[in-house]
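Me: I should like to learn how to read a structural model feature by feature. May we begin with the overall picture and then turn to individual side chains?

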Amino acid sequence: MMGGYSSMMGSTWLFWALLIVGIVLLVILAARFFYGGMNRGGTGRGEGPGTDGPATGASAARRILDERYARGELSTEEYRERLEVLGDDT
């Protein structure tokens, strides 16, 4: 009779452990859903700081070009030439 009680005790611990793991996973999924995910070094669904939205095509190229010019990687002449190539020399 003691063996049946021991078996039930093991099942109870397993149930509670799985319940706690399930609750933790639900909290994590809810947080990711409501906060849009996290951005870690370009991974994840969230956009990084300083972005105005998803950049596509020429706007992404223009943003990268602007960043490189701001960091001093391009001279003013190189910057203007590349803007002309992009067709965005405003």
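The dialogue below takes the fold, the confidence, the aromatic pairs, the surface patch and the salt bridges in turn.

Me: Which secondary structure elements does the chain contain, and in what order do they run?

Reply: One begins by listing the elements from the N terminus on. This is a predicted model, and its chain has 3 helices and 0 strands. The order of the elements is α-α-α. Helix H1 covers residues 2-35, while H2 covers residues 57-70 and H3 covers residues 76-86.

Me: What share of the residues is buried, and what share of the contacts links residues 24 or more positions apart?

Reply: Burial and sequence separation are read together as an overview of the packing. Of the 90 residues in the chain, 8% are buried. Among contacts with a separation of 6 or more, 13% join residues 24 or more positions apart. The chain exposes about 7,700 Å², and 64% of that area comes from carbon and sulfur atoms.

Me: Where is the confidence lowest and where is it highest among the helices?

Reply: Confidence is read before any detail. Where pLDDT is low, the predicted coordinates should not be read in detail. For this chain the mean pLDDT is 77, with 63% of the residues at 70 or more. Confidence is lowest in H1, with a mean of 83, and highest in H3, with 90.

Me: Over which residues does pLDDT stay under 50?

Reply: The stretch is residues 41-46, for which the model has 8 contacts beyond four places in sequence. The general caution about low pLDDT should be kept in mind there.

Me: How many aromatic pairs are there, and what is the geometry between Phe 33 and Phe 34?

Reply: A ring pair is read from the distance between centres and the angle between planes. The count comes to 3 aromatic pairs. One of them joins Phe 33 and Phe 34, with centres 5.2 Å apart and 75 degrees between the planes, an edge-to-face arrangement. Both of these residues, Phe 33 and Phe 34, are exposed.

Me: Why is the pair of Tyr 69 and Tyr 79 classed as stacked?

Reply: The angle decides the class: planes under 30 degrees apart count as stacked. The planes of Tyr 69 and Tyr 79 stand at 20 degrees, with ring centres 4.3 Å apart, so this pair is stacked. Because Tyr 69 lies in helix H2 and Tyr 79 in helix H3, the pair ties together parts that are 10 residues apart in sequence.

Me: Are these two tyrosines buried or partly exposed?

Reply: Each ring is assessed by its own relative accessible area. Tyr 69 is partly exposed at 31%, whereas Tyr 79 is buried at 12%.

Me: Which residues form the nonpolar patch on the surface?

Reply: A patch is read as a group of residues together with their accessible area. Here the members are Phe 15, Trp 16, Leu 19, Ile 23 and Val 27, and together they have about 490 Å² of accessible area. Trp 16 lies in helix H1 and is partly exposed, with a relative accessible area of 46%.

Me: How many salt bridges does the whole structure hold, and where do Arg 63 and Glu 67 lie?

Reply: For a salt bridge, one reads the closest N and O atoms and then the places of the partners. The search finds 4 salt bridges. In the one between Arg 63 and Glu 67, the closest N and O atoms are 3.3 Å apart. Both residues lie in helix H2, 4 residues apart, about one turn of the helix. Arg 63 is partly exposed at 34% relative accessible area, and Glu 67 is likewise partly exposed at 33%.

Me: Which residues are joined into one network by salt bridges that share partners?

Reply: A network is found by following shared partners. Glu 73 forms a salt bridge with Arg 68, with closest N and O atoms 3.0 Å apart, and another with Arg 71, at 2.9 Å. These shared partners join Arg 68, Arg 71 and Glu 73 into one network. Arg 68 is partly exposed at 28%, Glu 73 is partly exposed at 43%, and Arg 71 is exposed at 53%.

Methods:
Residues numbered from 1 in each chain as written. Predicted model: local features only at pLDDT ≥ 70, side-chain atom pairs only at ≥ 80, totals over all residues. Heavy atoms only, no water. Helix = DSSP H or I, 4+ residues; strand = E, 2+ residues; numbered from the N terminus. Buried < 20%, exposed > 50% of the residue type's maximum accessible area, 1.4 Å probe, protein only. Contact = heavy atoms within 4.5 Å. Areas by Shrake-Rupley, 256 points an atom, 1.4 Å probe, with all protein chains shown as cover. Phe/Tyr/Trp six-rings, centres within 6.5 Å; stacked < 30°, edge-to-face > 60°. Patch = residues over 30% accessible without salt bridge, like charges linked within 9 Å, V, L, I, M, F, W, Y side chains within 5 Å. Salt bridge = Lys/Arg side-chain N within 4 Å of Asp/Glu carboxyl O. pLDDT = per-residue confidence, 0-100.
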